[in-house]
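Hi,

Here's the structure I promised to pass along. Have a look at it first, and my notes follow right below.

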Amino acid sequence: MRRRELEVWIGDRRLLAQEAGPEDGDLVLHHEGTPGSRHIFDGYIEAGAERGLRHVTCSRPGYEGSDRQPGRCFADAAVDSAALADALGVESFYTVGVSGGGGPALACAALLPDRVRAAASVSALGPREGVGPEWLADAANENQEEFDLVGKDDAGLEAKIRETAEAWSEIRTVEQLMANLDSYLCEADRNLSSALRAHQVWGCGRIDADEIWGWFDDDWAMCKDWGFDLDQITVPVTIWQGGKDLMVPPQNGKWLAANVPGAKLKFFPEEGHLSMIDRHYGEILDDLVASAGDL
């Protein structure tokens, strides 16, 4: 499948991105989870190509060659997304955000209403202050421990992320992957396609435990003010959530669906965090196109 590397400058800050899929296809701007990069999963690209869609995704600031932007919030992702679309000569696009990419996708929906056709937030956290005490209730202990440090102990948060990054960077087999992620995974997440498992193993091998600032800044962005109000959103939005998700508990998806104006909720009681995108990405793309057609 055709892939093309992009270098986009926003002021004096460099953003690296990758475009893939049919050259003349309508654009899906994909926001990957945390930690993430511009190297999008082949399965997503293939699902898009089957529908005449191409993808672009970036290494968010602080990840894999993209300059860090300390203190960034989700609203800043809309600026970067607009710059990416401009670099491709694209006026309007769809956007989908997975896990830690959900907030950036919603930022695009809120702040780029003349450019975003439709948006999807998949297995993503809602605002910590909005969802309240139940925000990470029933999540994996590791997630709770990590996010409990945000706003309380920056040195501890850095150490926690670095420890996890070091462990994940040594993953070279599917068996090692599943062992390292075991406490995060429900039954559905333990039965992923071999293709997605292989992509995750490959992605873990690219993690640099000395360059964890994209991850660090993502955690902060998820916990602080997002830089926009959800009630600014006027474009079609669908919230996708699994009922067995141990990384992003289902109350987050339900809260977002209730608080994003006009949002639809696609709730799958038996799906987890990773199984949602593994099994339903084609449906997510179909829904984006259909939702935009309703305008």
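Let me start with a spot on the surface: E211 sits in the loop between α8 (194-205) and α9 (213-223). Together with E163, E166, E170, D208 and D210, E211 forms a negative surface patch. Bear in mind that this is a predicted model.

Now the overall picture. The protein chain has 11 helices and eight strands. Along the principal axes, its C-alpha atoms fill a box of roughly 45 × 40 × 40 Å. Is the chain's radius of gyration in line with a compact globule? A compact globule of 295 residues would come out near 19 Å, and the protein chain has 17 Å, which agrees. As for burial, 58% of the 295 residues count as buried.

On to the salt bridges, which is where I spent most of my time. The count comes to 21, and three of them are worth clicking through.

- E19 and R54: their side chains meet in a salt bridge at 2.5 Å, N to O. E19 is in strand β2 (residues 13-20) and R54 in strand β4 (residues 53-58), so the pair links distant parts of the chain, 35 residues apart. E19 has 1% relative accessibility and therefore counts as buried, the cut-off being under 20%. R54, at 10%, counts as buried too.

- D286 and R51: here the N to O distance is 2.6 Å. D286 lies in helix α11 (residues 274-293), while R51 is in the loop between α1 (42-50) and β4, so this salt bridge ties together parts that are 235 residues apart in sequence. Buried or partly exposed, where does D286 fall? D286 counts as partly exposed because its relative accessibility is 39%, and R51 counts as partly exposed at 31%.

- R115 and D86: the closest N and O atoms of this salt bridge are 2.9 Å apart. The pair again links distant parts of the chain, with R115 in the loop between α3 (102-111) and β6 (116-122), D86 in helix α2 (residues 74-87), and the two positions 29 residues apart. The two partners fall into separate classes: R115 counts as buried at 12% relative accessibility, whereas D86 counts as partly exposed at 49%.

One last thing on this topic: R2, R4, E19 and R54 are joined into one network by salt bridges that share partners. So when you pull up the E19 and R54 pair, put R2 and R4 on screen as well, because the four belong to that network.

Cheers

Definitions and conventions: Residues are numbered from 1 along each chain as its sequence is written. This is a predicted model: local features need pLDDT of at least 70, side-chain atom pairs count only at pLDDT 80 or more; totals for chains, interfaces and linings use all residues. Side-chain values use heavy atoms; hydrogens and water are left out. Patches are made of residues with over 30% relative accessible area and no salt bridge: like charges are joined within 9 Å, nonpolar side chains (Val, Leu, Ile, Met, Phe, Trp, Tyr) within 5 Å. Accessible areas come from the Shrake-Rupley method with a 1.4 Å probe; for residues, only the protein chains shown count as cover. Lys and Arg count as positive and Asp and Glu as negative; His and the chain ends are not counted. The place of a charge is taken as NZ of Lys, CZ of Arg, CG of Asp or CD of Glu. Helices (H or I, at least four residues) and strands (E, at least two) are DSSP runs, numbered from the N terminus. The radius of gyration is taken over C-alpha atoms; the globule rule is 2.2 Å times the number of residues to the power 0.38. Buried means under 20% relative accessible area, exposed over 50%, partly exposed in between (1.4 Å probe, protein chains only).
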